[in-house]
Amino acid sequence: MATRHESLSLQVITSPFLRNVEAANDGSASGVERRMFRKSLERLERINMIDLEPFSSESYQTSDQGPSGDKKQSKRQNRLSREILGVDDAVLSAPDIAQLQSQESRLLSNQLSMNGSLNQTDVDDDASSVVFGGSIASTVPDKYGFFGGSQFSHDTDINPAMVAIFRKREQKWLNMLDDWEKYMTYKYKKVRDRCRKGIPSSIRPRAWQYLCGGGVLMEKNKGVFDELLSQPGDPKWLDDIRKDLHRQFPMHEMFADSNGPGQVELFRVLKAYTILNPVDGYFQGQAPVAAMLVMHMPAEEAFWCLVAICERYLPGYYSQGLEAVQIDGDVLVALLRKVSPSVHRHLTKQKLDPVLFMMEWFMCIYTRTLPWASVLRVWDMFFCEGVKVLFRVGLVILKYSFMKPKTMKECPTMYESMEVLRNLHSSVTEENVLVSRMLKLPIGEEDMERVHRKVVELRKKAASSSTQCN
């Protein structure tokens, strides 16, 4: 079994909020440096500077022995990765677009043969959409590539004045990317503010790679992606991946066909990661994240961005036991007490475990939860500011979904509350409203640090007490 290369050392820290504070308080910084660290609390450590030692071909040799010659377990006990995250039946049963188009063609042919008076205008009008299973699916994708489903966007007229603004933003981003080190070192706030406004779609693939360090990883490890793909891989992980491919955005033009570019490239990305990290292998929550990246960039670039997300942004999220996710669920509920005490009381009274809803939110980075325009805005900020963005989105959803007393009365049990969270209202998820409310939350990074420490300490005490009792 190929083992993970020892030099894959993207720093994994217990708290995702302590990166700057720990460095400032470790005794190695001067007084001036400490003040600078405190001023930069709103900034995530420069993740565009992730450094990996280049991989060597020897790292892929099959070996069951550690450096000392002792046999070393190269893989944890297999977990039921596909069973942990449920998949909505509607997604499982969604037809692919090839079936829709085939059915539509047959219908039109039958109509033409039965009614010779059917004119071309009628055919063109009918060809713009097709009814399937009670839902209407367009045969023309929206600007994001979706033919239908909950994430299909209806195009709106663009104000000519906005076009000029978009062009100006694009030029600003191009200038910034050409001098990236200077901006990340001395003008990070400007980078952050521009990410919060939304990265221009033409710039987004390159910007994401710069922000997360995927481009740096690929440059330092040339040829590694192809070498990983040349390995056979673990049949268990590969079988799990194949079972999930058709479930990732089946109404998107890239993923509608099983032999299309989306599913083919997605398989390559996920397979390569299981070989790079055979200990954790494949987790179902990784698939929509990888699919999102494949939509925006070639497979190799998407792979290295996925490595950065799994190892740097969300360490432990896709590992056995899901301890990191459980901890962050407790943190989210504790933060909710400050943001909205009434909603906190409502959910606590119903004993609604946060893992029931925040697993899909956080692990899939809201790709299965929000309208696509909102998903893109969240990802822009997430790549720049880190995991705290996911908390802020979750807090906004929880607060404004149950803000009205009428809504709480209509949710007497956890089942009704979960239905509200599964069917979020557009007034909560619309991109500009969502981002505006996120930025106005009375929650800072210091609050997150403090709550995270408290949650970790309580879990340690509980674990210690349980051990003593046993």
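The exchange below takes up a predicted model and asks what stands behind the words used for some of its helices, contacts and buried residues.

User: What makes up the protein chain, and how many of its residues count as buried?

Analyst: The protein chain of this predicted model has 26 helices and 2 strands, and 50% of its 470 residues count as buried. Among contacts with a separation of 6 or more, 77% join residues that are 24 or more positions apart.

User: Why are H10 and H15 called oblique to each other?

Analyst: Helix H10, residues 204-212, packs against helix H15, residues 286-296, at an angle of about 130 degrees, and the two axes are 9 Å apart. Angles over 145 degrees count as roughly antiparallel and those from 65 to 115 as roughly perpendicular; the angle of about 130 degrees is in neither range, and H10 and H15 are therefore oblique. The residues that meet are Arg-204, Pro-205 and Trp-208 on the H10 side and Met-292, Leu-293 and His-296 on the H15 side. By class, this contact comprises 4 nonpolar residues, 1 polar and 1 charged.

User: Why are H10 and H20 called roughly parallel?

Analyst: The axes of H10 and helix H20, residues 372-385, come within 8 Å and cross at roughly 30 degrees. Since angles under 35 degrees count as roughly parallel, that description applies to H10 and H20. Here Arg-204, Trp-208, Leu-211 and Cys-212 of H10 are in contact with a set from H20 made up of Leu-376, Trp-379, Asp-380, Phe-383 and Cys-384. The contact of H10 with H20 has 7 nonpolar and 2 charged residues, with no polar ones.

User: What makes H10 a mostly covered helix?

Analyst: Of the 9 residues of H10, 7 are buried, namely Arg-204, Pro-205, Ala-207, Trp-208, Gln-209, Leu-211 and Cys-212. After H10 comes Gly-213, which has a positive phi near 90 degrees.

User: How do you know that H15 is largely enclosed by the rest of the structure?

Analyst: The conclusion rests on a count, since 10 of the 11 residues of H15 are buried, so the helix is largely enclosed. The buried residues run through Gln-286, Ala-287, Pro-288, Val-289, Ala-290, Ala-291, Met-292, Leu-293, Val-294 and Met-295. Their cover includes H10, H14, H16, helix H19 (355-363) and H20.

User: Why is the largest nonpolar core said to lie between domain 1 and domain 2?

Analyst: The largest nonpolar core has 116 residues, and those with the most contacts inside it are Leu-293, Phe-303, Leu-314 and Trp-379. Helix H16, residues 299-313, gives the most to this core, with 11 residues. Because domain 1 (198-313) and domain 2 (321-468) both give residues to the core, it lies between them.

User: Which residues are in contact with Trp-379, leaving aside its neighbours within four places in sequence?

Analyst: With those neighbours left aside, the contacts of Trp-379 are Trp-208, Val-289, Met-292, Leu-293, Ile-309, Ile-365 and Thr-367. In soluble globular proteins, nonpolar side chains tend to be buried together.

User: Why does Thr-274 count as buried?

Analyst: Thr-274, which lies in helix H14, residues 261-276, has a relative accessibility of 3%. The cut-off for a buried residue is under 20%, and at 3% Thr-274 therefore counts as buried. Neighbours within four places in sequence aside, Thr-274 is in contact with Trp-237, Ile-241, Gly-281 and Tyr-282.

Notes: Residues are numbered from 1 along each chain as its sequence is written. This is a predicted model: local features need pLDDT of at least 70, side-chain atom pairs count only at pLDDT 80 or more; totals for chains, interfaces and linings use all residues. Side-chain values use heavy atoms; hydrogens and water are left out. Axes are lines fitted to C-alpha atoms, for helices over the stretch in contact, and angles run from 0 to 180 degrees between N-to-C directions. Helices (H or I, at least four residues) and strands (E, at least two) are DSSP runs, numbered from the N terminus. Contact means heavy atoms within 4.5 Å. Ala, Val, Leu, Ile, Met, Phe, Trp, Tyr, Cys and Pro count as nonpolar, Asp, Glu, Lys and Arg as charged, and the others, Gly among them, as polar. Buried means under 20% relative accessible area, exposed over 50%, partly exposed in between (1.4 Å probe, protein chains only). A nonpolar core is a set of buried Ala, Val, Leu, Ile, Met, Phe, Trp, Tyr and Cys residues joined through side-chain atoms within 4.5 Å. Domain bounds come from an automatic or database domain assignment.
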